[in-house]
Amino acid sequence: MTNTLICNEENPVFCSLIPTNDAERAEVYNMAVNPGHKLSEMINKQISLKNIYCEMVNGTDEITGETWSAPRVVLQDVNGETYSATSYGIYKACQRIVALWGPAPWDGIPVTVIQRETNGRRTFTLKVN
């Protein structure tokens with residue numbers, strides 16, 4: 001079974017938790033539509049990473065009117081708490097974690113949320129502890 005829940009060109013969705021019953025389906029649904037925290041609330045704090053949910057979202061720049069597409073990532077910790085961010089930095093960090101630790105779910109990879117300023121914009125990444 002694949003981790004890609006919906007795979008189309010407009011909105012691919014990935015989740016490391018493959019639901020096999022209604023309780024797990026509800027868990028994935030709630031990760032997607034109602035994550036508990038903003039990842040920005042966790043800057044310099046540790047999360048014990050267990051699962052990842054990711055989807056591409058589209059938006060429009062309020063100043064320029066340009067449309068954009070970016071990954072929206074939801075991290076789930078071992079206690080079931082969820083943290084979301086629309087961030088290429090978090091997306092890339094998750095790709096690297098999967099490449100090195102293998103596919104989730106994990107027993108809890110200790111990561112710290114790091115914020116950096118680049119070109120006047122904040123970017124996020126994860127530091128493995």
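A residue counts as buried when its relative accessible area is under 20%. Keep that cut-off in mind as you walk through this predicted model.

**First stop: strand E5.** Select residues 67-77, which make up strand E5. This strand is mostly covered, with eight of its eleven residues buried.

**Next: the partner E4.** Now add residues 46-60, strand E4. The two strands run antiparallel, and eleven bridges join E4 to E5. To see one place where they face each other, pick Thr60, which stands opposite Thr67 in E5.

**Then: the turn from E4 to E5.** These two strands form a hairpin, with six residues between them. Click on Gly65 in this turn to find a positive phi of about 80°.

**Onward: strand E6.** Select residues 82-86 to bring up E6, which is joined to E5 by five bridges and runs antiparallel to E5. Here, look for Gln76, which has Thr82 of E6 opposite. E5 and E6 also form a hairpin, this time with four residues between them. In the turn you will meet Gly80, whose phi is positive at about 90°.

While E6 is highlighted, look at its surroundings: four of its five residues are buried, so this strand is largely enclosed by the rest of the structure.

**Last stop: strand E3.** Finish by selecting residues 37-38, strand E3. Two bridges join E3 to E6, and this pair runs parallel. Which residue in E6 is the bridge partner of His37? Select Tyr83 and you have found that partner.

Conventions:
Residues are numbered from 1 along each chain as its sequence is written. This is a predicted model: local features need pLDDT of at least 70, side-chain atom pairs count only at pLDDT 80 or more; totals for chains, interfaces and linings use all residues. Side-chain values use heavy atoms; hydrogens and water are left out. Buried means under 20% relative accessible area, exposed over 50%, partly exposed in between (1.4 Å probe, protein chains only). Two strands pair if DSSP finds at least two bridges between them.
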